[in-house]
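Here are a few worked exercises to try with the model open in your viewer. Have a go at each task before you read its solution.

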Amino acid sequence: MKFSEMMLKELENRFNFPVEIHYVDETTSTNTVLKQMAADGAKEGTVYLAARQTQGRGRMGRSFFSPDGGLYFSMLFRPKMNPATSLLLTVAAAVAVAEAMDEVFDTQSKIKWVNDVYVNGKKVCGILAESQLDPSKPTEQAVIVGIGINVCAPKDGFPTEIENRAGALCETNEAVSDQAVRLLAEIINRLYSFASVLSEKPFLTAYRNRSFLIGKTVSYKRGGTQQTAQVTGIDEQARLVVLQNGQEISLGAGEVQLMSIATEGINPHDQERNGGTQQD
Ligand code: BTN
């Protein structure tokens, strides 16, 4: 979404934390650019925002469709914590996005583990957190949290391979500048405040309450084998807890790939596919 000078000013006035915004009309990937800025010494709280991306990236090497009308931004954190921090920041970001959306767009958003935000059964937001460790400063990792939100539906529609799964907050291109500014500010303020007390995980209860998966039966791939199990919860490390052969086990985001949700009432868009599809 294009930000005018006035919108950027309005945005800056809304921050409760020291945030430094860099805005461009077009970039390759806000995560890629901010990663380089982090390597060059950018401060915590630096945000890189683009109206569109030409090489938006998603999880598992997928691309992320990023035309005009969406919000695409990345925020830099420098937590003094272990590598699990990056997962916690993703979880915090999902809650920040879901709560901010509900407040500004009056939605009832859900979170699909790990980090997809759904509205009316369609994916409207994806999150990609990437960490960078400087070996000379092992306690100072940089975590780049990238967030992509389909605010307005794309002018020419979503590509066919994602049109059943992807949704937007506004179905038409109505003027939503005010809401976009508020949404971005609300997300950044929430995420910053969660990040400042990350180890206390104040967002975990909200994350569980908004879960799209608890109580459903899912198929997933782990170590090359496909399995089916019922989801019973989300543990303290934000891992998915499933009941398999009468035993509860926790699945980490890095070790499993969710394949499908097999409960009645679920649309086919809930399938996570393997390989290059966008906005899965
Ligand atoms: C996913 O759904 O797999 C995650 C998508 C993350 C997309 C955002 S858009 C802003 C930032 N820049 C990127 O290249 N990716 C993230």
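Helices (H or I, at least four residues) and strands (E, at least two) are DSSP runs, numbered from the N terminus. One thing to keep in mind throughout: this is a predicted model.

**Exercise 1. Backbone oddities**

Task: find where asparagine 245 sits, and work out whether asparagine 245 is buried or exposed.

Solution. Start with the elements on either side: strand S10 covers 240-244 and strand S11 covers 247-251, and asparagine 245 is in the loop between them. Next, look at the backbone: phi of asparagine 245 is near 50°, a positive value in a residue other than glycine. That's worth flagging because most residues other than glycine have a negative phi. Finally, check accessibility: the cut-off for exposed is over 50% relative accessible area. Asparagine 245 has 78%, so it counts as exposed.

Now repeat the phi check on lysine 201. Its phi is near 50° and positive too, and lysine 201 belongs to the loop between H4 and helix H5 (204-209).

**Exercise 2. A peptide bond to check**

Task: which residues does the cis peptide bond with omega of about 5° join?

Solution. Go to tryptophan 113 and valine 114, which are linked by that cis bond. Then place valine 114: you'll find it in the loop between strand S4 (110-112) and strand S5 (116-119). As a reminder, most peptide bonds are trans.

**Exercise 3. Two helix pairs**

Task: describe how H4 packs with H1 and with H3.

Solution. Take H1 (residues 5-13) and H4 (residues 177-196) to begin with: their axes come within 9 Å and cross at roughly 35°. The crossing is right-handed. H1 puts in Met7, Glu10 and Leu11, while H4 offers Ser177, Val181, Leu184 and Ala185. Sorted by type, that contact has five nonpolar residues, one polar and one charged.

Then turn to H3 (residues 85-105). The axes of H3 and H4 come within 8 Å, with a crossing angle of roughly 145°, and this crossing is right-handed. Among the contact residues are Leu89, Ala92 and Val104 of H3, along with Leu183, Ile187 and Phe194 of H4. Here the tally is 15 nonpolar, one polar and five charged.

**Exercise 4. Around valine 143**

Task: is valine 143 buried or exposed, and what does valine 143 touch?

Solution. First, locate valine 143 in strand S7 (residues 141-149). Its relative accessibility is 0%, and buried means under 20%, so valine 143 counts as buried. Next, list neighbours, leaving out residues up to four places away in sequence: they include Met75, Phe77, Leu89 and Ser131. For a sense of sequence versus space, try threonine 90: 53 residues separate it from valine 143 in sequence, yet their C-alpha atoms are 9.9 Å apart.

**Exercise 5. The ligand site**

Task: how many residues surround the ligand, and which are the closest?

Solution. Count 19 residues around the ligand, the closest being Ser29, Gln53, Arg57, Arg59 and Lys123. Then go through the polar pairs. An N or O atom in the side chain of serine 29 is 2.7 Å from a ligand oxygen. Threonine 30 has a polar side-chain atom 3.0 Å from a nitrogen of the ligand, and for glutamine 53 the distance from such an atom to a ligand nitrogen is 2.9 Å.

Technical notes
Residues are numbered from 1 along each chain as its sequence is written. This is a predicted model: local features need pLDDT of at least 70, side-chain atom pairs count only at pLDDT 80 or more; totals for chains, interfaces and linings use all residues. Side-chain values use heavy atoms; hydrogens and water are left out. Axes are lines fitted to C-alpha atoms, for helices over the stretch in contact, and angles run from 0 to 180 degrees between N-to-C directions. A crossing is left-handed if the near helix is turned anticlockwise from the far one by less than a right angle, and right-handed if clockwise. Contact means heavy atoms within 4.5 Å. Ala, Val, Leu, Ile, Met, Phe, Trp, Tyr, Cys and Pro count as nonpolar, Asp, Glu, Lys and Arg as charged, and the others, Gly among them, as polar. Buried means under 20% relative accessible area, exposed over 50%, partly exposed in between (1.4 Å probe, protein chains only). A residue is near a molecule or strand if one of its heavy atoms lies within 4 Å of it. A polar contact is a pair of N or O atoms within 3.5 Å; within protein, one must be able to donate a hydrogen and the other to accept it, and residues adjacent in sequence count only if both atoms are side-chain atoms.
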